[in-house]
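Please open the model in your viewer and keep the sequence panel beside it. The tour below proceeds selection by selection, and each stop says what is to be found there.

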Amino acid sequence: MDEDLRKAVEFHGHLCPGLAIGYRVSKYVKEHYPRSEDEELVAVVENSSCSVDAIQDILGCTFGKGNLIYKNRGKQVFTIYSRGNDKDRALRIYFKGDLFSGSMDALKGKYFKGELSVDEKKEFDRLRDEIIQRIINAPDEEILSVTEVDLPVPEKARIYPSLICQECEECFMEICGRTAKGKIVCQECFEKLVC
Ligand SMILES: [Zn+2]
Ligand SMILES: [Zn+2]
């Protein structure tokens, strides 16, 4: 296990196929996206699964720093660029390695229902380890589809006024508000009132 992967496992808590995906994407970016040492990368990620933890740990793109942008598209797509780069070059990386997971399909349904027998569980773990190893060791072109795309339009950090929720009296950003039962409320209270 190389140093980047070891650190990502520590950050994420375990080694899994998803983390291996993020590791391979991050490694590709480190090797192919030219930038100076102190230049900060921005990652637009299209899923919120294990793979994103590797992106955060290895590439240093995090929510707190504002250089991790999440689009809920349910795809293993990562668009990486640097704000300081004047070459208009962003890498869009699609992980196409779902080809590996077919071997587990038969057991997956049972796994999620918690119905695997001891032997099936052993087989499941073996297949899973095999998939992780294949993701870690496959040549780039077998698992990654990389294209150069125009830099995504940067999303402006907008500041919205704050409102007080008329139900819980906590403060929230106006744009996140809802109305329910004649009151202006936060999303959390909205869900409690109408669901
Ligand atoms: Zn995981
Ligand atoms: Zn509230």
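Begin with strands β3 and β4, which pair in the antiparallel sense over four bridges; bear in mind throughout that this is a predicted model. Within this pairing, select Thr79 and then Arg92, since Arg92 in β4 is the bridge partner of Thr79. Next add strand β5, residues 144-149, which pairs with β4 in the antiparallel sense over six bridges. Here the residues to highlight are Ile93 and Val146, the latter being the bridge partner of Ile93 in β5.

Now colour the nonpolar core. The largest one has 26 residues, of which Tyr23, Val25, Ala43, Ile55, Leu59, Phe78 and Ile80 touch the most other members. At least two residues of this core are supplied by each of α1 (3-12), α2 (17-32), β1 (41-45), α3 (51-59), β3 (77-82) and β4 (90-95). The largest share, six residues, comes from α2. As general background, nonpolar side chains in soluble globular proteins tend to be buried together.

Centre the view on Ile55 and show its surroundings: leaving out residues up to four places away in sequence, Ile55 touches Gly22, Val25, Ser26, Ala43, Val45, Cys61 and Phe78. Apart from this core lies another, of five residues, including Phe172, Val185, Cys186 and Cys189.

Then zoom out to the whole chain. The domain assignment gives domain 1 as residues 3-149 and domain 2 as residues 162-194, and the C-alpha centres of the two lie 36 Å apart. In total, the secondary structure comes to seven helices and nine strands. The radius of gyration is 21 Å, well over the 16 Å that the globule rule gives for 195 residues, so the protein is more spread out than a compact globule. Along the principal axes, the C-alpha atoms fill a box of roughly 55 × 55 × 25 Å. Buried residues make up 23% of the 195 residues, while residues 24 or more positions apart account for 59% of the contacts with a separation of 6 or more.

Select helix α4, residues 105-113. How many of its nine residues are buried? The number is zero, so helix α4 lies largely in the open. Step on to Gly114, just after α4, where phi takes a positive value of about 70°.

Return to the loop between α3 and β2 (68-70), and pick Asn67 there. Asn67 is partly exposed, with 19 other C-beta atoms within 10 Å. If you draw a distance from Asn67 to Leu41, C-alpha to C-alpha, it comes to 6.8 Å, although the two are 26 residues apart in sequence. With neighbours within four places in sequence left aside, the contacts of Asn67 are Glu40, Leu41, Val42, Ala43, Cys61 and Thr62.

Finish with two loop residues. In the loop between β6 (162-164) and β7 (171-173), select Glu169, which has a positive phi of about 65° although it is not a glycine. Glu169 is exposed, with 9 other C-beta atoms within 10 Å. The last selection is Lys181, in the loop between β8 (178-180) and β9 (183-185). Phi of Lys181 is near 50°, a positive value in a residue other than glycine, and with 11 C-beta neighbours inside 10 Å Lys181 counts as exposed.

Terms used
Residues are numbered from 1 along each chain as its sequence is written. Chains are lettered from A and ligands numbered from 1 in the order in which they are written. This is a predicted model: local features need pLDDT of at least 70, side-chain atom pairs count only at pLDDT 80 or more; totals for chains, interfaces and linings use all residues. A nonpolar core is a set of buried Ala, Val, Leu, Ile, Met, Phe, Trp, Tyr and Cys residues joined through C-beta atoms within 7 Å. A residue is buried if 20 or more other C-beta atoms lie within 10 Å of its own, exposed if 12 or fewer, and partly exposed in between; C-beta atoms are placed from the backbone. Two residues are in contact if their C-beta atoms, placed from the backbone, lie within 7 Å. Two strands pair if DSSP finds at least two bridges between them. Domain bounds come from an automatic or database domain assignment. The radius of gyration is taken over C-alpha atoms; the globule rule is 2.2 Å times the number of residues to the power 0.38.
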